[in-house]
Structures are given as C-alpha cells and as structure tokens.
Amino acid sequence: MQRFPREKKEDRPVVAVCYDFDKTLSPNDMQAQGYIQSVGFDVGQFWEESDAFALAHDMDQNLAYMYKMVQEAEGRFVFSKKALMDYGAKVKLFPGVNGWFERIRDFGLENGVIVEHYIISSGLKEMIEGTEPAKSGAFKKIYANSFCYNDRGIAIWPAQVVNYTSKTQFLFRIEKGVLDVNDPGVNDYFPPEKLRVPFRNIIYIGDSDTDIPCMKLVNSNGGSSVGVYDPDTAGKDKVYRMIRDGRIRYFAPADYSDGSRIDGLVKNIILSAAARERLEDAHTEAVQETCEALRKKESGMAPYNTPQNRE
C-alpha cells in the first residue's frame, strides 16, 4: 500500500490561515493580468466564451477555462509550466501581501502558536507558484487547479481541478495533517485530541460566493471566516450579504499592511487560539487527574476524597 507523508501533531497549537487567491490576495483574476491579453482577447470576452463552452459541453467551468487557455496559446507560445510561472510573477498583489505571511508567522511564534498559511483556490497553481510570496516559501501547501506536463514541460492534461465545493476537502486535510491530495486517509476517523489543526484554529479568508462552502464549514465548526473587499473600490455588498447570511464572522479591506484592520483581526484570533488551547490543556489535565484518582479509589489504593486530597 502506498504510504504518504503526514504532518504530526505539534507540542504547540497550530493555527492554519487559508486563503482564496483571486480578489483575496490579488485585485483581479490572475489570468486577466497578462495571459488573456497576450492571446488577443478582451478579458470579458475570454470568460464569456469559456463559460459558454462549459455550458455547451456540460463541463466544469474550471476545466473549460483550462482548456481554453491551452487552445488559445497554440501558435503563440509554448504552454509550459515556466510560461505560467512567468505570468504569475506579473500578478499584482494587494497592499502588504508581500511580508504579511512572515510577519504573521513571527507573531504566532512570539505567542506560542505555530501559524501556517495555505492557498485553496480555483486559480492556477503554477501561476500562484510564480508569485513572490510562493517563491519565498510563504505557503505550507497550495491547493489549486493545475496541469500535468510531458517530459518537455508542456501541459498535456489537467492534473487537479478545484471548484467551489471541492475546496472543502482541503480543510479536512489541513485539520488532520493529511496534506497529500492522493492520500485517502483524509476519510479516516481521528479522535478530537489527535487532530493537528482543529477547526476552531482555522481561519478562512475569501471574497465571494465561491468561498461560501468553506466559510460556512469553518464557521459551523468554531473557526473564523473573514470576508475581504478591494480597498480601492470599497465595494462592500458581498461582505454585507455574507454577514447577513451567517457565512462570515468578520470582514475587512484587503489591505494586509502592518497595523491594518485585517492585521489586527488575525492577530487577535491567534491570541484567542493561544488562550483557548491553554484552557483545553487545563481541562484535559483535570480530566486525567480525576480519572487517575477514581482508578485508585476503585482499586482500593487510596480514597480520592480524603481531606488532604480535597485540599
């Protein structure tokens, strides 16, 4: 049987911050920041034709846009992993994104918490890997659409497709430390005390309806879901609706600078997680001590309710 590497439960609490990418860390769809223009399309026209192709073939919209990207590149440039990473390097990021991940990790360590950053996106993994944060090792794992490549590095087939409902499986992988996409152990039962990142320690940051299944799952299991909006346009309609419908607990502008609203919010959630885990440890210790006292009483070793024990 194939064995997959798995993450071990740490001796300190782990907080997982999970992000959508497009319009969460970047102001626009990554494909619309160079690629679409390079194949001679207007951005709106590209997405319109991609969605029409999906509808005509009863096809997942992500598979449709991946197919169209390959098709439109033909005769213009070699559709390789390197080409996609080069496009990713040109993707604009919201203020403060560069530097955010390390700063939040350092804050966690200062407060006894391991902070890990994950991407869960319907964008392209290869383009995300081309961004500065990914190249500097910001992310523990990137879950996104990706291609399979031949021995010349040319895309030949989709490798992974991540749509708005399949995004939720990756939260369970993070919870259990079963991070490899092919590891079936994500379906195994883990007792609560063995969970590496309980949902109460998961923060999900997203911007739109496609994030709702993840937001709802995190919220309903005691975690924190945060809606973000473009600080330049200040369009809050989506986050207002998500608050009204109970999809998110908080919202903030997508400005990740030191001292920004989301900076303070995430730091407070980390501090809360640290305090909560200390309380959980105290509860576990009390239960273990009680069980041991009862065991001794039942075996006749010593009554657990003697005056000095009560003290």
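Biologist: Why is K141 called partly exposed?

Modeller: Its relative accessible area is 29%. Buried would need a value under 20% and exposed one over 50%, so K141, at 29%, falls in between and counts as partly exposed. Keep in mind that this is a predicted model.

Biologist: Fine. Where is K141 found, and which residues does K141 touch?

Modeller: K141 is found in strand β3, residues 141-149. Leaving out residues up to four places away in sequence, K141 touches H117, Y118, I119 and L179. As for L179, it lies 38 residues from K141 along the chain, with 7.8 Å between the two C-alpha atoms.

Biologist: Let's go to the sheet. What is the order of its strands?

Modeller: The order is β4-β3-β2-β1-β5-β6-β7, an open sheet of seven strands with mixed pairing.

Biologist: And what makes β4 and β7 edge strands?

Modeller: Each has a single partner strand, so one side of β4 (155-160) and one side of β7 (250-253) are left without a neighbour in the sheet. From one strand to the next, the twist averages 25°.

Biologist: How do you know that β1 and β2 count as paired?

Modeller: Pairing takes at least two bridges, and six bridges join β1 (residues 14-19) to β2 (residues 114-124), so the two strands qualify. They run parallel. V14 stands opposite I114 in β2, and Y19 has I119 as its bridge partner there.

Biologist: What about β1 and β5, how many bridges do they have?

Modeller: Four bridges, again in the parallel sense. In that pair, C18 of β1 is matched with Y204 of β5.

Biologist: Which helix packs on the sheet touching β1 and β2?

Modeller: That is α5, residues 97-110, whose direction makes about 150° with that of β2. Helix α9 (residues 212-220) packs on the sheet as well, touching β5 (202-206) and β6 (224-229), and its direction makes about 145° with that of β6.

Biologist: What makes you say that β1 is mostly covered?

Modeller: Six of its six residues are buried, and buried stands for under 20% relative accessible area. V14, A16 and C18 point one way, while V15, V17 and Y19 point the other way, and all are buried. In a regular strand, side chains alternate between the two faces of the sheet.

Biologist: Now the helices. Why are α2 and α3 called oblique to each other?

Modeller: The axes of α2 (residues 43-56) and α3 (residues 61-73) cross at roughly 120°. Roughly perpendicular covers 65 to 115 degrees, and roughly antiparallel starts over 145. The angle of α2 and α3 fits neither range, so the pair is oblique. The axes come within 8 Å, and the crossing is right-handed.

Biologist: Which residues make that contact?

Modeller: From α2 there are F46, W47, E49, S50, D51, F53 and A54, and from α3 there are Q61, A64, Y65, Y67, K68 and M69. By class, this contact has eight nonpolar, two polar and three charged residues.

Biologist: Last one, on the whole protein: how many helices and strands, and what share of residues is buried?

Modeller: Twelve helices and seven strands, with 46% of the 311 residues counting as buried. The C-alpha trace spans about 85 × 50 × 35 Å along its principal axes. Among contacts between residues at least 6 apart in sequence, 61% join residues at least 24 apart.

Key
Residues numbered from 1 in each chain as written. Predicted model: local features only at pLDDT ≥ 70, side-chain atom pairs only at ≥ 80, totals over all residues. Heavy atoms only, no water. Axes fitted to C-alpha atoms, helices over the stretch in contact; angles between N-to-C directions. Contact = heavy atoms within 4.5 Å. Parallel < 35°, antiparallel > 145°, perpendicular 65-115°, else oblique. Left-handed = near helix turned anticlockwise from the far one by under 90°. Nonpolar A, V, L, I, M, F, W, Y, C, P; charged D, E, K, R; others polar. Buried < 20%, exposed > 50% of the residue type's maximum accessible area, 1.4 Å probe, protein only.
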